[in-house]
Each structure stands twice: as structure tokens, then as C-alpha cells.
Amino acid sequence: MKSHPFLSKNSNPKWSALLPQHIAEDFKIALKNAEVQLESIRQLTEASTTFENTIKALESTSLELNQAWGLVLHLDSVCNSADLRKAHNEILPEITA
């Protein structure tokens, strides 16, 4: 089974597993997951919208991305490296978009 350490739901990250080579793939997965969730929200009709299925759903759409990005930013501040900067800079345009 393939590991995606930046997407782990564990409240205590396994810092030694958060390697630059995982960033691109993990964030592509997180972006795809967010897009799937957004598409579900877009499919709602005005009559079927509720606070939970629109506002709360929209809020949860970015949760995985925000948590994973927070790990990248923390790593960048405490153990910056050329590989980490490269991985960060390569995925940044997709995250920003």
C-alpha cells in the first residue's frame, strides 16, 4: 500500500515520513479530492441547499489541503532544504489556483 504522509489523518504527524518526494503526489490527490467535493456542491439545486450541504461542505473541502499545506510550511520553516524548496515551488502554482 502506497503511503501518503502529508494526507495522514493522524493528529501527530510522523515527521520523518514527510519527505519532499511525497509532496507532488499527495497534493495532486488532495486537489482532486477537493475538486470532487466542490463538484458535489455545484450540483445542488437552490431548493436542496442547506447550511450543512453548502457552507459546511465548502468549509470541509479545503480542510485536507490546509492541513497538508501547514505541514509543508512548518517543514519549510524548521528544516528547509533545496529538495523541499523545489517540491514546494513546483506544487505552489496548483495550490494557488
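Where does H4 bend, and by about how many degrees? In this predicted model, the bend lies at Glu90 and amounts to about 30°. A proline, Pro93, follows within four residues.

The length of H4 was also examined. This helix covers residues 82-96, 15 residues in total. At 1.5 Å a residue, the expected span is 21 Å. The end C-alpha atoms of H4 are 21 Å apart, so the model agrees with the expected value. Four residues of H4 are buried: Leu84, Ala87, His88 and Ile91. Their cover includes H1 and H3.

Helix H2 spans residues 51-61. Its buried residues are Thr54, Ala57 and Thr61. These cover an arc of only 90° around the axis, which means that they sit on the same side of H2. The general geometry of helices is relevant here. An α-helix has 3.6 residues a turn, so residues three or four places apart point the same way. The other side of H2 carries exposed residues, namely Phe51, Glu52 and Glu59. The buried residues of H2 pack against two helices, H1 (20-42) and H3 (63-78).

The largest nonpolar core holds 16 residues. Within this core, Phe6, Ile23, Phe27 and Val72 touch the most other members. H1, H3 and H4 are the elements that give two or more residues to the core. H3 gives the most, with six residues. Phe27 was then considered on its own. With neighbours within four places in sequence left aside, Phe27 is in contact with Leu65, Ala68, Trp69, Val72, Ile91 and Ile95.

How values were computed. Residues are numbered from 1 along each chain as its sequence is written. This is a predicted model: local features need pLDDT of at least 70, side-chain atom pairs count only at pLDDT 80 or more; totals for chains, interfaces and linings use all residues. Side-chain values use heavy atoms; hydrogens and water are left out. Buried means under 20% relative accessible area, exposed over 50%, partly exposed in between (1.4 Å probe, protein chains only). The arc is that of the directions from the helix axis to the C-beta atoms. Contact means heavy atoms within 4.5 Å. The expected span of a helix is 1.5 Å times one less than its number of residues. The bend at a residue is the angle between axes fitted to the seven residues ending there and the seven starting there. A nonpolar core is a set of buried Ala, Val, Leu, Ile, Met, Phe, Trp, Tyr and Cys residues joined through side-chain atoms within 4.5 Å.
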